Amino acid sequence: MTERKPPGVPFESWVDKQIRDAQTRGEFDRLPGAGKPLPEDTAYDELWWVRRKMAREGLSVLPPTLALRKEAEDALAAAYAAPSERIVRKIIAEINAKILDMMLKPPPGPPLGLKRYDVEEVVREWRARREGRTAAE
């Protein structure tokens with residue numbers, strides 16, 4: 001847009017003409033997001049670009065206690081899928097150490113609400129799952 005608004009021409013009509021001319025030249029064709037609705041969140045946010053990059057890269061920022069809850073769930077699932085009892089014990093020991101550390105030095109944020117896993121109970125459940133039955137049977 002190298003042209004300046006001529007004096008005496010209403011601003012709105014000059015802008016409309018610039019947009020029409022650009023559309024005619026095809027300058028709006030194949031823009032990123034063409035044909036898609038605008039994002040719902042239209043409030044001004046200084047960190048919009050950080051949030052968009054984190055979403056694009058699959059990152060999230062959780063309070064430490066919530067992050068540990070998620071990590072504990074993932075660790076338990078990994079233990080149940082482990083190929084050997086030794087690995088089950090290693091996974092549970094590592095997550096139990098983290099849970100104990102968080103219990104002894106609580107960070108700011110919501111309460112942890114977790115207790116350490118019973119390694120023997122997890123191993124029993126792991127064995128039962130490997131045999132195709134539940135531990136309650």
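This is a short walk through three helices, α3, α4 and α5, and how they pack.

Before you click, note that this is a predicted model, where local features need pLDDT of at least 70, side-chain atom pairs count only at pLDDT 80 or more, and totals for chains, interfaces and linings use all residues. Residues are numbered from 1 along each chain as its sequence is written, and side-chain values use heavy atoms, with hydrogens and water left out.

**Stop 1: helix α4**

Select residues 85–104. That's α4, with 20 residues; helices here are DSSP runs (H or I, at least four residues), numbered from the N terminus. From first C-alpha to last, α4 reaches 28 Å, close to the 28 Å expected at 1.5 Å a residue (the expected span is 1.5 Å times one less than the number of residues).

Now color Val-88, Ile-91, Ile-92, Ile-95, Asn-96, Ile-99 and Met-102: these are buried, meaning under 20% relative accessible area, while exposed is over 50% and partly exposed in between (1.4 Å probe, protein chains only). They cover an arc of only 130° around the axis, so they sit on the same side of α4; the arc is taken from the directions from the helix axis to the C-beta atoms. Flip to the other side of α4 and you'll find Arg-86 and Leu-104 exposed. The buried residues pack against α3 and α5.

**Stop 2: Asn-96**

Stay in α4 and zoom in on Asn-96. Asn-96 counts as buried because its relative accessibility is 10%. Leaving out residues up to four places away in sequence, Asn-96 touches Arg-116, Tyr-117 and Val-119, where contact means heavy atoms within 4.5 Å.

**Stop 3: Ala-75**

Next, pick Ala-75 in helix α3. At 11% relative accessibility, Ala-75 is buried too. With residues up to four places away in sequence not counted, Ala-75 touches Ile-91 and Ile-95. Try a C-alpha to C-alpha distance to Val-88: 9.3 Å in space, for 13 residues apart in sequence.

**Stop 4: where α3 meets α5**

Show α3 (residues 64–80) with α5 (residues 119–130): their axes come within 9 Å and cross at roughly 50°. Axes are lines fitted to C-alpha atoms, for helices over the stretch in contact, with angles from 0 to 180 degrees between N-to-C directions. That angle makes α3 oblique to α5 (under 35 degrees is roughly parallel, over 145 roughly antiparallel, 65 to 115 roughly perpendicular, the rest oblique). For sticks, choose Leu-76, Ala-79 and Tyr-80 of α3, plus Val-122, Glu-125, Trp-126 and Arg-129 of α5.

Conventions. Helix = DSSP H or I, 4+ residues; strand = E, 2+ residues; numbered from the N terminus.
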